[in-house]
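User: I've got a model open and would like to talk through its contacts and pairings. Can you take my questions one at a time?

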Amino acid sequence: LCEKPLAVARDQHGSLAAAYAECPELGLVAVHQYRYSPTWRLLSRLARLLDRLGAPFELVVDVQRNGTDRHATTAWRSDIEVSGGMLADHGVHFLALGWTISEDVQVLSGLRAWNTEGERSAATVRFGTGVLDLSVCGDANVRRTCVELHVAALRLRWCDASVRLTAC
């Protein structure tokens, strides 16, 4: 399992294909990584600057899904025995994003909750002077991912395709 991009240069694809050919019984899967999104790059740069300045900040991430992804061939994300559930699936992406801000990482709390409708879980992680609050919901009415950067009285909100700066 590899975060996208699987390779950063075209000439690296050949070595990846050769490595996979040596063990065809194993899967080679690339997954999306927000790290290369222009919006995440902006959020990350601002958070790194705040961290270097010693200024506290908060990243609030809200992942809403309505059951299994319609493009998935199985319900693996919703099966805690197979995948660890949505918190594990999405949490690893946002941990990776947090490491783009600071390598000083500490998990402060985590809560996993399941019901017949799906998962509603949360985690809080400290990255340097910032805190990441992540919540995931598998029984939502909508499919949405929102990331907010809070610093002092300002809020930068990235929700799906829109970005907005507001005063709190």
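User: Leaving aside its neighbours within four places in sequence, which residues is His 150 in contact with?

Analyst: A quick word on the ground rules: this is a predicted model, where local features need pLDDT of at least 70 and side-chain atom pairs count only at pLDDT 80 or more, while totals for chains, interfaces and linings use all residues. Residues are numbered from 1 along each chain as its sequence is written, and side-chain values use heavy atoms, with hydrogens and water left out. His 150 sits in strand E7, residues 139–151; helices (H or I, at least four residues) and strands (E, at least two) are DSSP runs numbered from the N terminus. Counting contact as heavy atoms within 4.5 Å, and skipping neighbours within four places in sequence, the partners of His 150 are Phe 57, Glu 58, Val 60 and Arg 155.

User: Is His 150 buried or exposed?

Analyst: The scale here is relative accessible area: under 20% is buried, over 50% is exposed, and partly exposed is in between (1.4 Å probe, protein chains only). His 150 has a value of 15%, so it goes down as buried.

User: Which side chain makes a polar contact with the side chain of His 150?

Analyst: A polar contact is a pair of N or O atoms within 3.5 Å; within protein, one must be able to donate a hydrogen and the other to accept it, and residues adjacent in sequence count only if both atoms are side-chain atoms. For His 150 the distance is 2.6 Å, and the partner is the side chain of Glu 148.

User: Which cysteines form a disulfide?

Analyst: The test is a pair of cysteine sulfur atoms within 2.5 Å, and searching the whole structure turns up 1 disulfide. It links distant parts of the chain, 13 residues apart, one end in strand E7 and the other in strand E8 (residues 154–159). With sulfur atoms 2.1 Å apart, the pair is Cys 146 and Cys 159.

User: What is the relative accessibility of Cys 146?

Analyst: Both ends of the disulfide are covered: Cys 159 is buried because its relative accessible area is 13%. Cys 146 is buried too, so you'd expect a low figure, and its relative accessibility is 3%.

User: Which residues have the most contacts inside the largest nonpolar core?

Analyst: A nonpolar core is a set of buried Ala, Val, Leu, Ile, Met, Phe, Trp, Tyr and Cys residues joined through side-chain atoms within 4.5 Å. Elements supplying at least two residues each include helix H2 (38–53), strand E3 (57–66) and helix H4 (85–99). This core has 24 residues, and those with the most contacts inside it are Trp 40, Leu 59, Phe 94 and Val 147.

User: Leaving aside its neighbours within four places in sequence, which residues is Ala 47 in contact with?

Analyst: Ala 47 lies in helix H2, and it counts as buried because its relative accessibility is 0%. Its C-alpha is 9.1 Å from that of Val 151, with the two positions 104 residues apart in sequence numbering. Beyond the neighbours within four places, Ala 47 is in contact with Phe 57, Ile 101 and Leu 149.

User: How many buried residues does strand E9 have?

Analyst: Strand E9 covers residues 162–167, and it pairs with E8 in the antiparallel sense over 6 bridges; pairing needs at least two bridges found by DSSP. The two strands form a hairpin with 2 residues between them, and Asp 160 in the turn has a positive phi of about 50 degrees. E9 is hardly covered: among its 6 residues, the buried count is 0.

User: Which residue forms a salt bridge with Asp 62?

Analyst: A salt bridge takes a side-chain nitrogen of Lys or Arg within 4 Å of a carboxyl oxygen of Asp or Glu, and the whole structure has 6 of them. This one links strand E3 to strand E7, its partners 82 residues apart. The closest N and O atoms are 3.2 Å apart, and the partner of Asp 62 is Arg 144.

User: Which residue forms a salt bridge with Asp 139?

Analyst: Here the link runs from strand E7 to strand E5, with 19 residues separating the partners. The closest N and O atoms are 3.0 Å apart, and the partner of Asp 139 is Arg 120.
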